[in-house]
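Please open the model in your viewer and keep the sequence beside it, since this tour moves from one selection to the next. At each stop, select the residues named and then read what is there.

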Amino acid sequence: TDRVAIIQESDLPEVLDDDTSEENLHRLQKMWDAEKARAAKAKEYHLTHNPQKRLPKSASPSLHRALARDYMSTLWFIQPAIFLASAAKLVQALALGYLL
């Protein structure tokens with residue numbers, strides 16, 4: 001008879017503090033607050049310098065901008081390595097094509 005072991009919650013490893021939903025919520029809230037502050041500053045600048053003109057899009061907060069800024073700030077160091085790896089694969093394929 002084959003016995004199937006049922007996984008219990010106690011069998012799972014503990015989640016790292018940086019990976020908890022609470023920590024991610026605080027990080028996202030901090031990013032959003034910074035984006036709202038940036039947008040308010042841009043709106044204030046626009047209203048003091050160009051009060052008759054229409055507000056630009058940069059004067060309103062954008063979740064997309066906040067997430068993109070976080071992505072670029074946390075992964076900036078790996079981007080050149082990824083680019084070099086892609087370029088190396090392209091050069092390798094071209095060189096192999098010329099050899100054949």
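**First stop: a patch on the surface**

Begin by selecting Ile78, which is partly exposed, with a relative accessible area of 34%. Keep in mind as you look that this is a predicted model. To place Ile78 along the chain, find the loop between α2 (63-75) and α3 (79-99), where this residue is found. Now add Trp76, Phe77 and Ile82 to the selection, and you will have, together with Ile78, a nonpolar patch on the surface whose accessible area comes to about 450 Å² in total.

**Second stop: a link between α1 and α2**

Next, turn to the charged side chains: how many salt bridges does a search of the whole structure find? The search finds five, and the following selections visit some of them. Select Arg27 and Asp70, whose side chains meet in a salt bridge with a distance of 3.0 Å from N to O. Because Arg27 lies in helix α1 (residues 21-49) while Asp70 lies in helix α2, this pair ties together parts that are 43 residues apart in sequence. Are the two partners buried or exposed? Arg27 is partly exposed, with a relative accessible area of 38%, whereas Asp70 is buried, with a relative accessible area of 18%; the cut-off for buried is under 20%.

**Third stop: a pair within α1**

Stay on helix α1 and select Lys36 together with Asp33, which form a salt bridge in which the closest N and O atoms are 4.0 Å apart. These two residues are three apart in helix α1, so about one helical turn separates Lys36 from Asp33. Lys36 is partly exposed, with a relative accessible area of 38%, and Asp33 is also partly exposed, with a value of 37%.

**Last stop: a network around Glu35**

Finally, select Arg69 and Glu35, which form a salt bridge with their closest N and O atoms 3.4 Å apart. Since Arg69 lies in helix α2 and Glu35 in helix α1, the pair ties together parts that are 34 residues apart in sequence. Compare the surroundings of the two partners: Arg69 is partly exposed, with a relative accessible area of 43%, while Glu35 is buried, with a relative accessible area of 0%. Then extend the selection to Arg38 and Arg65, because salt bridges that share partners join these two residues with Glu35 and Arg69 into one network.

Note on methods: Residues are numbered from 1 along each chain as its sequence is written. This is a predicted model: local features need pLDDT of at least 70, side-chain atom pairs count only at pLDDT 80 or more; totals for chains, interfaces and linings use all residues. Side-chain values use heavy atoms; hydrogens and water are left out. Patches are made of residues with over 30% relative accessible area and no salt bridge: like charges are joined within 9 Å, nonpolar side chains (Val, Leu, Ile, Met, Phe, Trp, Tyr) within 5 Å. Accessible areas come from the Shrake-Rupley method with a 1.4 Å probe; for residues, only the protein chains shown count as cover. Helices (H or I, at least four residues) and strands (E, at least two) are DSSP runs, numbered from the N terminus. Buried means under 20% relative accessible area, exposed over 50%, partly exposed in between (1.4 Å probe, protein chains only).
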